[in-house]
Amino acid sequence: MKLAFAGAGFVGIVYGAMMAKKGNSVTIYDIDENKISALNDFCEGKKNSLPIHEEGLPTILEQAYKEGLLRFTTDSKQAISDAEVIFLTVGTPSDAQGRADVRYVNAAAHTIGKVMKEDAKYKLIVTKSTVPVGTAKRLEEIIGTYAVGKFDVASNPETLAEGKAVKDAEEPQRIIVGTESERARRILSDLYAPFFFPGEKGICFMSPESAELTKYACNTYLASQVVLTNMFANLAKRYGANWREILEAIGADPRIGKFVHPGLGFGGSCFKKDVSALCQMMKDTGAVREDYEVLERIIAQNEAQKHALNPLLKQVYGESLDGQTLAVWGLAFKKDTNDVRDAASLRVIPDLLQMGAHVRAHDPKAAKEFLKEIGAMDVDMANLEICKEKYAATEGADGLLIITEWITYRQPDFAELREKMRRRIIFDAKDLMNYQKMQEETDFSYYAIGRPDIVR
Ligand code: UGA
């Protein structure tokens with residue numbers, strides 16, 4: 001099938017590449033010339049200019065490009081005109097009130113409409129970006145003001161988690177499709193058929209409104225689980241209980257047991273944005289405060305959790321961190337990605353600098369992105385050093401903070417840490433170390449979220 005993807009962001013690139021891998025002819029278009037030339041340069045082997053770090057993605061892109069099944073262009077008119085199905089994968093950032101800003105989605109619909117004014121061939125337009133409920137209907141109206149031929153608009157929200165997006169795209173747990181058109185249903189069934197074994201239940205069909213709401217419901221359930229997890233992990237620590245032991249027991253109940261790993265709250269580009277947008281949708285549809293307040297609390301508690309290491313730091317060093325050098329391992333919002341959007345590091349490091357510490361930070365993939373993001377904040381970075389190697393960051397350190405769960409941080413060489421660090425203290429925000437080993441085989445003080453302190 002001939003497909004176009006409007007928007008060469010994370011979702012457009014991953015799904016576009018995957019659809020090309022399955023044998024479709026895919027064109028990804030974007031108005032950003034730099035983005036398109038970076039992708040073309042990468043696929044032609046000219047430059048290592050892929051903007052996102054995602055396991056398995058480079059190979060799929062290169063292969064599909066070589067086979068002539070994948071193209072990147074700024075020529076939206078041609079891409080739209082050639083395609084039978086056009087996926088909208090443009091961004092829907094938060095606006096000032098927390099609503100999803102749909103200006104890029106609307107602009108994409110106008111561009112498609114203008115092409116369809118001159119071309120009567122049937123097209124299916126599919127929203128993959130997370131969009132407010134009612135968007136599919138609205139896009140139908142926009143495109144309908146131009147189109148001379150038949151068309152349908154369907155909702156097919158993306159379900160990719162960063163760091164394992166290629167796997168999520170290739171082996172989806174479910175595909176959500178909202179449409180009332182039999183033709184759209186047939187096309188999407190065919191398109192997704194190679195992703196499931198014959199007879200396997202794959203696509204959940206529903207109305208466009210249900211599909212749009214499903215995405216917000218999924219992310220809100222997950223976000224609220226993270227918030228509850230952190231609340232219990234904090235409480236466990238105050239009682240000297242151990243969240244890991246509790247987790248094993250609650251994990252045995254299949255109704256709970258997911259998104260129960262404690263940390264410094266959720267980050268990334270989706271949960272906060274989607275919970276905020278849902279909150280606005282509640283208000284817009286006349287819900288009373290008691291009904292939506294829980295959504296505001298999810299965001300507020302999560303924000304507070306990003307500062308959860310501060311009481312532990314004060315317990316160890318006192319109110320000021322003047323004269324202390326602290327190493328930080330992990331800048332990305334989670335492992336296996338170079339994404340730092342809403343990452344805990346963007347709260348933790350400014351806190352440390354503000355309290356007077358000298359900070360030496362490391363991340364395997366996200367250092368450049370972190371510097372760009374923190375550079376745009378009002379933070380004095382004179383006492384911040386970014387180190388290329390994880391042990392170099394611990395040189396002369398009075399403590400090591402681990403805030404992203406990269407595998408490379410999981411089993412550090414304690415002999416090397418002993419040699420490099422001035423004081424043997426670890427703050428583990430991601431419950432990454434083996435607690436028993438910390439207790440029995442090392443002489444480090446160990447402070448972790450959700451665990452009793454080990455003080456030496
Ligand atoms: C999330 C959803 O998992 C995807 O299904 C969805 O498609 C995507 O948002 C989206 O709407 O685009 P993502 O934000 O990439 O994906 O990452 P998650 O793995 O869901 O993690 C989100 C945050 O929660 C991370 O900061 C992670 O560290 C944190 N988390 C997750 C925890 O603190 N504890 C957990 O047990 C799980």
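## Second largest pocket

By class, how many nonpolar, polar and charged residues does the lining of the second largest pocket have? In this predicted model, the lining has 9 nonpolar, 2 polar and 2 charged residues.

The second largest pocket holds about 210 Å³ of space. Its lining numbers 13 residues, and Pro132, Val133, Ala277, Gln280 and Met281 are the closest to the pocket centre. Two elements, α9 and α11, each give two or more residues to this lining. The largest share comes from α11, with 6 residues. Domain 1 (2-206) and domain 2 (222-304) each supply at least three residues to the lining.

## Ligand shell

The ligand has 20 residues around it. Glu158, Glu162, Asn219, His261 and Cys270 come nearest. By class, the shell has 10 nonpolar, 4 polar and 6 charged residues.

## Polar contacts and cover

Oxygen atoms of the ligand pair with both side-chain and backbone atoms. Asn219 places a polar side-chain atom 2.7 Å from a ligand oxygen. For Gly267, a backbone N or O atom lies 2.8 Å from an oxygen atom of the ligand. For Val260, a polar backbone atom is 3.2 Å from a ligand oxygen.

On its own, the ligand has 710 Å² of accessible area, and the protein covers 90% of this. The elements that give two or more residues to the shell are α9 (208-239) and α11 (271-284). Here α9 gives the largest share, 4 residues.

## Elements in both sites

Helices α9 and α11 each give two or more residues to the ligand shell and to the lining of the second largest pocket. The largest share comes from α9 in the shell and from α11 in the pocket lining.

Conventions
Residues numbered from 1 in each chain as written. Predicted model: local features only at pLDDT ≥ 70, side-chain atom pairs only at ≥ 80, totals over all residues. Heavy atoms only, no water. Near = heavy atom within 4 Å. Polar contact = N/O pair within 3.5 Å; in protein donor to acceptor, adjacent residues only side chain to side chain. Areas by Shrake-Rupley, 256 points an atom, 1.4 Å probe, with all protein chains shown as cover. Nonpolar A, V, L, I, M, F, W, Y, C, P; charged D, E, K, R; others polar. 1 Å grid on protein atoms, 1.4 Å probe; cavity = no way out; pocket = protein on both sides within 12 Å on 5 of 7 lines; lining within 4 Å. Points joined across faces, edges and corners; volume = space filled by probe spheres on them. Domains from an automatic or database assignment.
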